[in-house]
Amino acid sequence: PVQPKRKTVGLWAMHFSLPFLLLLLCAHAEGKRQLETIYYDQTIDHFNWKPTEPTTYKQRVIIDRQWWKNETSPIFFYTGNEAQIWDFVNNTGFQFTLAEEFGALVVFAEHRYYGESLPFGQKAYEKENIIYLTVEQAMADFAELIAHLKESNKAPHAPVITFGGSYGANLAMWMRLKYPNLVYGGFASSATPLKHILRETNNFYKIVTEVYHNVSSKCPDICRSAWKEIFAKAKTSTGRASLTHSLRLCSPMTAENQAWSIYYYTQNALEGMAQYGYPYPANFIGPMPGYPFKKACQDMVKAPNNIAALKAAWDVAFNYTGTVKCFKLWSPEEPAEEALASPEHIRQKHHRHHHDGGISANSGIAWSFQTCTEVYQPMPTNGITDMFLPYTPNNTAIFDGCRSRWGVTPRPKWEELHFWGSALTAGTNLILTNGQVDPWRSAGIQWPIISANNSVFVHTITGAAHHLDLRTPNKLDPPSVTETREKERKIIGAWLDKWYNGA
C-alpha cells in the first residue's frame with residue numbers, strides 16, 4: 001500500500017462547504033471511486049543547495065488504488081494545474097475509466113501554491129515566498145512524488161503515464177520530455193505550449209467569434225453594436241441609470257469608465273461559454289447548460305435590443321440556475337476608484353476575478369504571479385476578424401504592473417525556449433489533442449509531429465470544447481469525441497504492451 005509521509009485523511013473527514021461536499025459525494029457514488037487523501041512532505045526548493053526555512057510543505061495528493069493489480073501495474077498520474085486538485089478529480093473521469101481497464105493506480109497531485117498545497121502556509125503569497133512558484137519547481141515536485149510512490153509501493157517497474165488538461169496538459173507533456181526516466185507516456189488534452197501565437201495574433205478571440213458566428217451570423221454583429229451603445233450610454237447619468245436597470249447591476253453605474261467593466265465582464269462570459277462548451281450541463285467553472293454558447297447566441301438573437309442581448313448572454317454564463325438576483329461587477333465603494341482607473345487596469349481586474357471566482361479560492365492570486373513570470377499570454381483583438389474592441393497589449397504597462405505587484409519581470413520567450421515549443425521530433429509516447437471549438441487550441445500543436453516510431457499522436461477533435469476527451473464519457477458526447485477516446489485507449493494499450501512485452 002501507499003506509505004505517505006504523513007497520516008492518511010479519509011474523504012469523509014475532510015472539511016468542505018456542504019454544496020462542495022455533496023458534489024464530491026455524487027462524484028464518488030457515480031464513479032464508484034475509492035479515494036484517499038495523503039499529504040506528502042514535499043521539498044520547497046529543488047534547485048538550490050541552501051535549504052529554505054522550512055524546507056518542505058504538505059503537498060496534497062488524491063489516490064484511487066481500487067483497480068491497481070500489483071506493483072508492476074501502471075500508475076496514471078494527473079499533473080495538477082492552476083486550481084485545487086478536487087476540481088480535476090471531479091472533471092477527469094476518462095482517467096478513471098482507463099485505470100479500470102488497465103488495472104492502474106490513479107494519482108492526482110496538487111500543484112504547489114494552489115488548494116491546500118501551500119509552501120510557507122498562510123504566508124505563501126508574500127513576495128519573498130511566492131518566488132518558488134515556477135513550472136520547473138512544480139514539475140520537480142511531481143518527479144519527486146512519483147519516485148516516492150514507486151519506492152514506497154515497491155513498484156520500481158510500474159510504468160507511469162501522466163495525464164493533464166489545459167496548463168496541466170502542458171505539464172503532462174513536459175514531464176514526459178524532461179523526465180523520461182520516470183514518465184513512460186503523456187496524455188495532454190488542450191495543451192498550450194505555443195504562447196507566442198496568443199501574444200502575436202488574435203487567433204484566440206477569432207475562434208471565440210467563429211463559435212458564435214456558426215450558431216448565427218447575427219451574434220458577432222450584435223456584440224459589435226452593443227459595445228458602441230454601452231460606451232455611448234455611459235457618458236450620461238441617464239444612460240448609466242438605463243444600463244444599471246437593463247443589465248440588473250447590483251450597484252448603480254456612476255462613472256463613465258465603468259463601461260469597461262461591463263465590456264470585460266461580457267467578454268469573459270462569451271469566452272467562457274466557448275471554452276467550456278460541453279454538450280451537456282456542467283459545473284466546471286459554474287453551472288452552465290449544454291452547449292452554452294449555442295443557447296446564449298440563440299437568446300441574444302431573440303432579445304429585443306442589443307443591451308438586452310448582452311444580459312441574455314450573462315444569464316446563460318452566470319445565472320443558469322436562475323438564483324442570481326443581480327450582477328456584481330463592482331462593489332459600492334469602488335466606482336470612485338474605477339472612474340480614475342485605466343482600461344488596462346480594469347481588464348486585468350476582471351480577468352483576474354474571472355479566473356479566481358471560476359475555479360477555486362486563491363487560484364487567481366497564484367496564477368497572477370505565473371502570468372507575470374513564465375506563462376505570459378496577453379492576447380490582442382482587432383474588432384474585424386473578431387467581435388471585440390481592438391486591443392493591443394501594452395507590454396510596458398503590464399511589465400510595470402508585474403514589478404509593482406510581485407517585484408518580477410515577465411520572460412515571454414522562456415517557456416518555449418526551455419520546453420521545446422512544437423519541436424517535438426525527439427519526443428515519444430505523447431497524445432496531444434485539442435477541441436475544435438476551444439479557443440485555446442490557437443496555442444496548441446495541431447499538425448503532425450514526425451517523431452521516433454511515429455509515437456506522437458496529434459488530433460483536433462471536431463465539435464469538442466476544452467479537454468472534453470478527458471471528461472467522463474457521456475451519452476451526449478459527439479461521435480468525434482467517442483472515436484477519439486477509442487484511439488487514445490488503443491494508443492495507451494499499445495504503449496503498455498510494449499512496456500511489458502517489448503512488442
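Select cysteine 326 in this predicted model: at 28% relative accessibility, cysteine 326 is partly exposed. Now add cysteine 250, which is partly exposed as well, at 32%. The two form a disulfide with their sulfur atoms 2.0 Å apart. The torsion about the S-S bond is about 100 degrees, so this link is right-handed. To see what the bond joins, show the loop between helix 10 (237–246) and helix 11 (259–275), where cysteine 250 lies, and the loop between helix 13 (306–318) and helix 14 (335–339), which holds cysteine 326; the pair therefore ties together parts 76 residues apart in sequence.

Next, select cysteine 219 and cysteine 297. Their sulfur atoms are 1.9 Å apart in a disulfide, and the link is right-handed, with 110 degrees about the S-S bond. Cysteine 219 sits in helix 9 (residues 218–233) and cysteine 297 in helix 12 (residues 292–302), 78 residues apart. Cysteine 219 is buried at 1% relative accessible area, and cysteine 297 is buried at 0%.

Move on to cysteine 372 and cysteine 402, a disulfide with sulfur atoms 2.0 Å apart. The torsion here is about -80 degrees, so the disulfide is left-handed. Cysteine 372 is in the loop between helix 16 (363–370) and helix 17 (395–406), while cysteine 402 is in helix 17 itself, so the bond ties parts 30 residues apart in sequence. Cysteine 372 is buried at 8%, as is cysteine 402 at 3%.

With bonded cysteines counted along the chain, the disulfides follow the pattern 1-3, 2-4, 5-6. Finally, select cysteine 223, which is in no disulfide; the nearest cysteine sulfur belongs to cysteine 219, 6.8 Å away. Cysteine 223 is buried, at 1% relative accessibility.

Definitions and conventions: Residues numbered from 1 in each chain as written. Predicted model: local features only at pLDDT ≥ 70, side-chain atom pairs only at ≥ 80, totals over all residues. Heavy atoms only, no water. Disulfide = S-S within 2.5 Å. Helix = DSSP H or I, 4+ residues; strand = E, 2+ residues; numbered from the N terminus. Buried < 20%, exposed > 50% of the residue type's maximum accessible area, 1.4 Å probe, protein only.
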